[in-house]
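This briefing is meant for a reader who is meeting the structure for the first time. Please keep the sequence and the 3D view at hand while going through the points.

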Amino acid sequence: MADNTKGRRDFMGMALGGFTALGGIGALYAMKRTWDPLPSVKAAGFTTIDVSAAQENVLNVEKWRGKPIFVLKKSKDMKPDDRDVIVGSDRFLVAVGLCTHLGCIPAYAADEHKFKCACHGGEFDASGHQIFGPPPSPLEIPPFKVEGTKVVLGEEGPEYKKMKEAGLTA
Ligand code: FES
């Protein structure tokens, strides 16, 4: 009888241990959320986005460390810029989606290739440069690394380091 109880307790302990381990993995590798338009995987501190299915001039909003991240595939008629993130033969704007004036989230006007901030009328072009109103600086570029067709947010790859050294990320 006593042995049986012990056995059951051991089993419960193992089951709980397994549950905790699974919970930990779940927290580290949360699956793609329904509102993510591009396939992405979130792990502690990193967001990996597969941009191979991105459509030109369609804004995708990802999430990284609690911040919205704009991912915009540039069309051929958009001016190339030193801040572009190059994946294969495509150019992307990858930027923190917070206005550099007071932190509102600008909306993308696809027909004008512009981001417009409703708070005080600030505007940014498709490369994230401020072009109108009070924003004092371009949209910030988060640390990133390009891996094949994926962009890993939160890791400083050589492309990001080069931009940072040139003073282009903020
Ligand atoms: S917060 Fe965007 S213009 Fe002021």
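The points below go from the overall make-up to the sheets, the core and individual residues.

This is a predicted model, in which local features need pLDDT of at least 70 and side-chain atom pairs count only at pLDDT 80 or more, while totals for chains, interfaces and linings use all residues. Residues are numbered from 1 along each chain as its sequence is written. The protein chain has 2 helices and 12 strands, where helices (H or I, at least four residues) and strands (E, at least two) are DSSP runs numbered from the N terminus.

**Confidence**

- The average pLDDT of the protein chain, which is the predictor's confidence in each residue on a scale from 0 to 100, is 85, and 79% of the residues score at least 70.
- Over residues 1-5 the pLDDT stays under 50, and the model has 0 contacts beyond four places in sequence for them; two residues are in contact if their C-beta atoms, placed from the backbone, lie within 7 Å.
- Residues 22-35 also have a pLDDT that stays under 50, and for this stretch the model has 8 contacts beyond four places in sequence.

**Overall make-up**

- Read from the N terminus on, the elements of the protein chain follow the order α-β-β-β-β-β-β-β-β-β-β-β-β-α.
- Of the 170 residues in the protein chain, 30% are buried, a residue being buried if 20 or more other C-beta atoms lie within 10 Å of its own, exposed if 12 or fewer, and partly exposed in between, with C-beta atoms placed from the backbone.
- Among the contacts in the protein chain with a separation of 6 or more, 40% are between residues 24 or more positions apart.

**The sheet of strands 1, 2, 12 and 11**

- These 4 strands form an open sheet in the order 1-2-12-11 with antiparallel pairing, and two strands pair if DSSP finds at least two bridges between them.
- Strand 1 (40-43) and strand 11 (144-147) each have a single partner strand and stand at the edges, so one side of each is left without a neighbour in the sheet.
- Neighbouring strands of this sheet are turned by 15 degrees against each other on average, direction ignored; the axes are lines fitted to C-alpha atoms, for helices over the stretch in contact, and angles run from 0 to 180 degrees between N-to-C directions.
- Strand 1 runs antiparallel to strand 2 (residues 46-50) and is joined to it by 4 bridges, with Ile49 in strand 2 as the bridge partner of Ser40.

**The sheet of strands 7 to 10**

- Another 4 strands form an open sheet, again with antiparallel pairing, in the order 7-8-9-10.
- Here strand 7 (107-109) and strand 10 (130-132) are at the edges with a single partner strand each, so one side of each is left without a neighbour in the sheet.
- From one strand to the next, the twist averages 35 degrees.
- Strand 7 and strand 8 (residues 114-116) run antiparallel and are joined by 3 bridges, and the bridge partner of Ala109 in strand 8 is Lys114.

**Strand 6 and the nonpolar core**

- The largest nonpolar core has 28 residues, of which Val51, Val71, Phe92, Val94 and Val151 touch the most other members; such a core is a set of buried Ala, Val, Leu, Ile, Met, Phe, Trp, Tyr and Cys residues joined through C-beta atoms within 7 Å.
- Elements that give two or more residues to this core include strand 4 (67-73), strand 5 (85-87), strand 6 (90-96) and helix 2 (158-165), and strand 6 gives the most, with 5 residues.
- Strand 6 is mostly covered, as 6 of its 7 residues are buried.
- Strand 6 pairs with strand 4 in the antiparallel sense over 5 bridges, and Leu72 stands opposite Leu93 in strand 6.
- Strand 5 also runs antiparallel to strand 6, joined by 3 bridges, and Val85 stands opposite Phe92 in strand 6.
- Leaving aside residues up to four places away in sequence, Val71 touches Leu38, Ile49, Val51, Ala54, Asn60, Glu62, Phe92 and Val94.

**Residues with positive phi**

- Gly88 takes a positive phi near 65 degrees in the hairpin of strand 5 and strand 6, which has 2 residues between the strands.
- Asn57, although not a glycine, has a positive phi of about 60 degrees, and its place is in the loop between strand 2 and strand 3 (59-64).
- Asn57 is partly exposed, with 16 other C-beta atoms within 10 Å.
- Arg65 is likewise not a glycine and has a positive phi of about 45 degrees; Arg65 is found in the loop between strand 3 and strand 4.
- Arg65 counts as partly exposed, with 14 C-beta neighbours inside 10 Å.
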